[in-house]
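Student: Before accepting the labels attached to a model, I would like to see each value set beside the rule behind it. Could we work through them in that way?

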Amino acid sequence: MANLISKSRNLNHFFLSSRFHLLSLLNQRSSRTPSFTTVAGGGFIRPTAKFSGHIFRPERYQSNQAGEQLSTIYYEEDGHHQNTHENQDMDFPGGKVPITPQMKFISESSEKRLPCYRVLDDDGYPIPGSIFEEVSKELAVKMYSSMVTLQTMDTIFYEAQRQGRLSFYLTTAGEEAINIASAAALSLDDFVLPQYREVGVIFWRGYPLQQIANQLFGNKFDYGKGRQMPCHHGSNELNYLTVSSPIATQIPQAAGVAYSLKMDKKEACAVVFLGDGSTSEGDFHAGLNFAAVLDAPVVFICRNNGWAISTPINEQFRSDGIASKGVAYGIRSIRVDGNDALATYSAIRAAREMAIKEQRPIIVEAMTYRVSHHSTSDDSTKYRPVEEIEHWKTAKSPISKFRKYIQRNGWWNDENESEHRGDIRKQVLQAIQAAEKVNKSSLTDLFTDVYDKLPLNLQDQEKSLRDAVKRSPKEYPSDVPI
């Protein structure tokens with residue numbers, strides 16, 4: 001079999017163009033130049049390089065551009081060379097396709113895995129040569145204190161569920177940096193379509209702690225009037241669409257929201273969160289394809305935390321994670337350390353800017369680890385080692401890493417830590433006590449907010465339910481007004 005040799009480019013770059021090189025793209029054009037910090041030999045240097053709109057690889061190769069990636073190609077067989085010119089290609093809808101006499105299958109995977117963008121090492125030191133967007137003292141402290149708030153809130157609400165005061169709860173343990181850093185990188189004009197582990201995002205946007213408690217208890221002050229499961233938050237005012245229980249339904253919806261923003265010429269994008277398990281759903285593939293074809297300004301943030309409940313990622317897909325899937329759909333992508341708040345913040349800021357300015361979708365794969373059980377209905381020690389969980393909980397904690405960074409800068413100390421944790425614990429406990437004292441929403445609210453005029457079948461259902469409550473009042477909650 002003849003061996004293909006290119007004089008100008010390596011074919012692996014053409015066929016496997018999913019590799020992105022963060023540092024090599026800093027000389028590209030950018031209409032906006034955020035400030036960045038590089039680290040060289042432990043010192044801080046302000047570079048002149050711009051944070052490019054083309055910071056991620058791969059660029060989207062259209063079919064008619066693909067042939068331009070190769071110059072003259074030679075085939076080697078028995079020491080003789082056969083010259084094949086660029087004009088030997090196939091006219092096909094969508095563009096020209098280069099022709100080759102060789103039967104060459106594209107490899108199912110690259111020899112090397114996609115790199116993971118990181119700024120801070122495990123001890124909170126910036127990695128020499130790392131490039132990231134600067135954060136002010138005020139922003140850094142707010143990010144860290146919000147991560148601690150999220151951690152404290154999760155601990156107390158989880159305990160409340162175990163005490164029987166809540167019916168269900170999901171924590172964000174181990175994924176606090178993804179929640180807070182991504183939220184900090186977005187604008188309030190951006191529409192967020194969450195999965196169910198993003199309470200930190202809506203909290204950052206101004207969703208009150210008391211309202212979080214109201215939703216968990218499903219009382220009459222809950223925006224959803226108690227009609228959703230706990231942890232299914234939503235707010236029209238904050239452009240945060242209500243969580244939907246079925247996995248991955250928010251992904252194609254995000255493509256639609258983004259396309260609407262595009263049609264209205266808004267300086268905003270849609271941001272959709274998903275887990276690694278969502279990539280096994282058809283909605284994931286439909287959503288990515290719609291977004292790519294429509295050039296919709298949407299950022300797909302995948303929390304690759306290693307487990308889809310009890311299913312490990314090696315049983316979830318054979319590809320190199322999620323970022324590698326971008327090239328198949330023609331979507332630019334990056335893999336980032338989701339336990340590194342600075343890296344996550346910088347990557348999401350860049351992704352958002354590209355999505356809006358270039359009107360294109362972006363995939364951000366955030367590598368992290370779900371330290372907690374999947375939910376209060378799960379016991380993860382049944383399918384993974386306790387030692388593995390403890391390692392990620394301690395040695396790889398995103399909160400500990402970022403605390404070391406801000407303390408080293410003189411922005412935080414032990415006194416601040418103790419005071420903040422004490423205050424937040426009091427606030428969460430007070431929110432729970434207040435939410436518990438409030439009655440549930442009225443029975444009537446089960447049937448409202450869908451139809452302008454209640455149809456006859458729902459009127460019959462409401463009457464039937466009221467009759468059942470009257471017949472057996474002790475079988476129904478006493479705090480639900482009839």
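Tutor: What follows is a set of questions about labels, each answered from a value and a definition.

Tutor: The model is a predicted one, in which local features need pLDDT of at least 70 and side-chain atom pairs count only at pLDDT 80 or more, while totals for chains, interfaces and linings use all residues. Residues are numbered from 1 along each chain as its sequence is written, and side-chain values use heavy atoms, with hydrogens and water left out.

Student: What makes a segment a helix or a strand here, and how many of each does the chain have?

Tutor: Helices are DSSP runs of H or I with at least four residues, strands are runs of E with at least two, and both are numbered from the N terminus. The chain has 14 helices and 15 strands.

Student: Why is Glu-365 called buried?

Tutor: Buried means under 20% relative accessible area, exposed means over 50%, and partly exposed covers what lies in between, with a 1.4 Å probe and protein chains only. Glu-365 has a relative accessible area of 0%, and therefore counts as buried. Across the chain, 48% of the 482 residues count as buried.

Student: What surrounds Glu-365?

Tutor: Glu-365 is found in strand E15, residues 362-367. With contact meaning heavy atoms within 4.5 Å, and leaving aside neighbours within four places in sequence, Glu-365 is in contact with several residues, including Cys-302, Asn-304, Ala-323 and Arg-335.

Student: What makes the approach of Glu-365 to Arg-335 a polar contact?

Tutor: A polar contact is a pair of N or O atoms within 3.5 Å; within protein, one must be able to donate a hydrogen and the other to accept it, and residues adjacent in sequence count only if both atoms are side-chain atoms. The side chains of Glu-365 and Arg-335 make such a contact at 3.0 Å, and the backbone nitrogen of Ala-323 lies 2.9 Å from a polar atom of the Glu-365 side chain.

Student: Why is the pair Asp-122 and Lys-401 called a salt bridge?

Tutor: A salt bridge requires a side-chain nitrogen of Lys or Arg within 4 Å of a carboxyl oxygen of Asp or Glu. The N to O distance between Asp-122 and Lys-401 is 3.9 Å, so the pair qualifies. The two residues are 279 apart, with Asp-122 in the loop between strand E7 (95-98) and strand E8 (131-133) and Lys-401 in helix H12, residues 398-408. Asp-122 is partly exposed at 29% relative accessibility, whereas Lys-401 is buried at 5%.

Student: How do you know that Asp-123 and Lys-404 tie together distant parts of the sequence?

Tutor: Asp-123 forms a salt bridge with Lys-404, the closest N and O atoms being 3.9 Å apart. Because Asp-123 lies in the loop between E7 and E8 and Lys-404 in helix H12, the pair ties together parts that are 281 residues apart in sequence. Asp-123 is partly exposed at 43%, and Lys-404 is partly exposed at 35%.

Student: What makes Asp-449 exposed but its partner Lys-225 partly exposed?

Tutor: The relative accessible area of Asp-449 is 53%, so Asp-449 counts as exposed, while the 27% of Lys-225 makes that residue partly exposed. Their side chains meet in a salt bridge of 3.0 Å, N to O. Lys-225 lies in the loop between H6 and H7, and its phi is near 60°, a positive value in a residue other than glycine.

Student: How do you know that Asp-222 lacks a salt bridge?

Tutor: Lys and Arg count as positive and Asp and Glu as negative, with His and the chain ends not counted. The nearest side chain of opposite charge to the buried Asp-222 is Arg-227, 7.5 Å away, so the pair does not meet the salt-bridge rule. Asp-222 is found in the loop between H6 and H7, and the backbone nitrogen of Gly-224 lies 3.0 Å from a polar atom of its side chain.

Student: What makes a pair of cysteines a disulfide, and how many are there?

Tutor: A disulfide is a pair of cysteine sulfur atoms within 2.5 Å, and by this rule the count comes to 0.
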